[in-house]
Each structure stands twice: as C-alpha cells, then as structure tokens.
Amino acid sequence: MTSQQPKMVCGLELWQWRNKAIESAIAHDILPLEVDWLLQEIASLDRLALRLESFKSLTQITMQLSLDELEQLWQRRLHDRLPVQYIAGVTPWRLFKLAVSNAVLIPRPETESLIDLAVVAAKNSRTEGLEQGHWADLGTGSGAIALGLADVLTNATVHAVDLSPEALAVAQTNAENLGFAERIKFYQGSWWEPLEFLKGQFSGMVSNPPYIPTSTVLTLQPEVVNHEPHLALDGGVDGLDYIRHLIDVSPHYLHPGGVWLIEMMAGQADTVRELLQNHGCYENIQIQADLAGIERFALAYKKIK
C-alpha cells in the first residue's frame, strides 16, 4: 500500500491528523491503538514520542505516505474496513516484520505456534535427524511459516509452495529482506505437485491451508471477507477439502517418521483426527491447542514400517 518516495510532513500537522484519526477510530468501533501502530510503521515514530506527543514540535517528519494519501487510506480503514496492515504494507509476526499486500492473508499470532510445534515434533520423532533435510511449507502466502521454519531449523532447506504468483512475490520479498533467500526455495503450483522430484525425502510438512467452510467465508468480519484473498480462506463445503488432500498425498513425500503438521479451524479437530487414523499411514496423532485453548493444530508422523 505504501508509496516508494519518502514524503515530508510537519509534526504539528501530523499531530492534528492523529487526534482526528483517534476520534474517528473510536466512532467507528476500531481500536485507537491502530492509529499509533500505523504511525510507528509509516512515520518511524516510537511509542514514547507518540505517548508524549513530542513529535508535534518537529519541523519535518519523513513518512512513506503523504498526509493526503494517509488520510485517503484511513478513510478506507473506517468505511471499507481495509485492514491497517495493508495500509502499512507490513505486519509483525514472531520476531519478523513481514511485508503484506492483499495478495496474501495477514499472518495471525496463533499461527506462530506452528513453528514451535514443528521443532518439538522433529525432536520427538522416532526417526533421527529430522531437524535437517527438506521441509515443506504448502500454501506459503506471505512466507511466514517458511521463514519461521528456516529461522529455527538452521540446517534444513525449506521449500515454499503457493498457487498464487502474487503471493509468491510477497513471500520472496520477505525472504530477501530477512536474509533467508538462500535457505528457502519457492515454487508456484498446487500443494505437493511442484515437489515431485523430492518424493519420499521430506523430514516434515507444515501448512496453514484454507479451512473455512464456503458458506462461512461470507459471514467473516468485513476486514477479512472484503480484503483478504478468498483462495486462502475457502476450504470447500465443510472446510476440509485441502486438509483431506494433504492427508492423502503427504505420505508419498515424507520420510518414515516424517512430521505432518497443519493449522485448522475450531471444531474440526475430531474429524481431522479421524481422517488421519482412518488413512492408515500415520501414527502418534495429536491435537494441540493454541494459546486461547482452542484445538487449532493437528500433528502426526508418517508410520515407520
């Protein structure tokens, strides 16, 4: 969302804009904190300067947007419910600052737990050495999971796949910006298909696939339904189309003892557990809760014969 050339604005004008924006946020039932988060990102102001309003006396503040552009986008936040992360063009996730656009889902805090679960799962497998070798992030979007895996599995090669070329461009930008371009390989395509040349060689697979039932997508909050890519949300009639596919196909790609790990929606855990059990290629099937206590993650290992 942000424009390339830096813009200059005087502190007093920005202070006036901030006051109006906070008022309008409250009136539109938007968290006033979003205003200051946005100014931290696009004007590089720190929390203290915002709290003390000390920036008011600055003659020039460098911003990524002009005040007019900022105001236009803020009006879209108020009236079109455009997510503030798309206005800033970035979002925090784990220790990273990730570039985002409306080509990708905004990575959620709960998804961060997938990375920690992957590390523990690799260590707990009956197969040794899974912290190394090939790992897949299927449906990579912004690249968040691939980056998280590369960060903690320092001896692994991460293969990130997405159907959307626009999403892959965002993910590749993030990998370059954060110094992981050598460790993550990117592929445009559907799920495992681009990785056929590595069949049977994967230590683990992590995915946050589309898992929302089609009929539910249109009932989501306007920030999501009107702005985030439906391709990354809609999981078919019961929300499990892609999870079923990943259960069916992944054993062909994983080492014996390899890790299968996904995020899912509240209420899907029992069905996903049953699908994994009935498939016959998985063992040590586990459901893990997120920090809010919701059964959010399914973990399994490819059976060792």
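Which residue in strand 4 is the bridge partner of tryptophan 93? The partner is phenylalanine 96, and this pair makes a handy place to start walking through the structure, which is a predicted model.

Tryptophan 93 closes strand 3, which covers residues 90-93, and strand 4 takes up residues 96-99. The two strands run antiparallel to each other and are joined by four bridges. Together they make a hairpin, with two residues separating one strand from the other. Arginine 94 sits in that turn, in the loop that links strand 3 to strand 4. Have a look at its backbone: phi is positive, about 50 degrees, even though the residue is not a glycine. For context, most residues other than glycine have a negative phi. Arginine 94 counts as partly exposed, because its relative accessibility is 26% and the partly exposed class runs from 20% to 50%.

Another backbone of this kind turns up at tryptophan 191, where phi is near 50 degrees, again positive in a residue other than glycine. Tryptophan 191 belongs to the loop between strand 7 and strand 8. With a relative accessibility of 12%, tryptophan 191 counts as buried, since the limit for that class is under 20%.

Those two strands lead us to the sheet. Seven strands build an open sheet, and their order across it is 7-6-5-8-9-11-10, with mixed pairing. At the edges you will find strand 7 (184-188) and strand 10, each of which pairs on one side only. From one strand to the next, the twist averages 15 degrees. Within this sheet, strand 8 and strand 9 run parallel and are connected by five bridges. If you want a residue to click on, try glycine 204, whose bridge partner in strand 9 is valine 259.

Now for the helices that lie on the sheet. Helix 11 crosses strand 5, strand 8, strand 9 and strand 10, and its direction is at about 170 degrees to that of strand 9. Helix 12 also packs on the sheet, where it touches strand 9, strand 10 and strand 11 (295-302). Relative to strand 10, helix 12 makes an angle of about 170 degrees. Which residues of helix 11 are buried? They are Ile243, Leu246, Ile247 and Val249. In an α-helix there are 3.6 residues a turn, so residues three or four places apart point the same way. The buried residues of helix 11 pack against strand 5, strand 8 (202-207), strand 9 (254-263), helix 12 (269-279) and strand 10 (282-289).

Strand 5 deserves a stop of its own, at alanine 136, which lies in this strand (residues 133-138). Is alanine 136 buried or exposed? Its relative accessible area is 0%, so alanine 136 is buried. Leaving out residues up to four places away in sequence, alanine 136 touches Leu149, His159, Trp192, Leu195, Phe202, Gly204, Met205 and Val206. Gly204 we have already met as the bridge partner of valine 259. Leu149, for its part, is one of the buried residues of helix 7. That helix spans residues 144-152, and it is largely enclosed by the rest of the structure because seven of its nine residues are buried. Besides Leu149, the buried residues are Ala144, Ile145, Ala146, Leu147, Gly148 and Ala150.

Turn next to a pair of helices from earlier in the chain. Helix 1 (residues 11-27) packs with helix 4 (residues 67-79) at an angle of about 5 degrees, and their axes are 11 Å apart. Helix 1 is therefore roughly parallel to helix 4. On the helix 1 side the contact is made by Glu13, Leu14, Trp17, Ala21, Ser24 and Ala25, while helix 4 brings Leu67, Leu70, Glu71, Trp74 and Leu78. Sorted by character, the residues of this contact are eight nonpolar, one polar and two charged.

We finish at histidine 227, in the loop between helix 10 (222-225) and helix 11 (241-249). Histidine 227 counts as buried because its relative accessibility is 14%. Where does its side chain reach? It comes to the backbone oxygen of aspartate 80, at 2.7 Å. Apart from neighbours within four places in sequence, histidine 227 is in contact with Arg76, Asp80, Arg81, Leu82, Pro83, Tyr86, Asn102 and Pro222.

How values were computed. Residues are numbered from 1 along each chain as its sequence is written. This is a predicted model: local features need pLDDT of at least 70, side-chain atom pairs count only at pLDDT 80 or more; totals for chains, interfaces and linings use all residues. Side-chain values use heavy atoms; hydrogens and water are left out. Buried means under 20% relative accessible area, exposed over 50%, partly exposed in between (1.4 Å probe, protein chains only). A polar contact is a pair of N or O atoms within 3.5 Å; within protein, one must be able to donate a hydrogen and the other to accept it, and residues adjacent in sequence count only if both atoms are side-chain atoms. Contact means heavy atoms within 4.5 Å. Axes are lines fitted to C-alpha atoms, for helices over the stretch in contact, and angles run from 0 to 180 degrees between N-to-C directions. Angles under 35 degrees count as roughly parallel, over 145 as roughly antiparallel, 65 to 115 as roughly perpendicular and the rest as oblique. Ala, Val, Leu, Ile, Met, Phe, Trp, Tyr, Cys and Pro count as nonpolar, Asp, Glu, Lys and Arg as charged, and the others, Gly among them, as polar. Two strands pair if DSSP finds at least two bridges between them.
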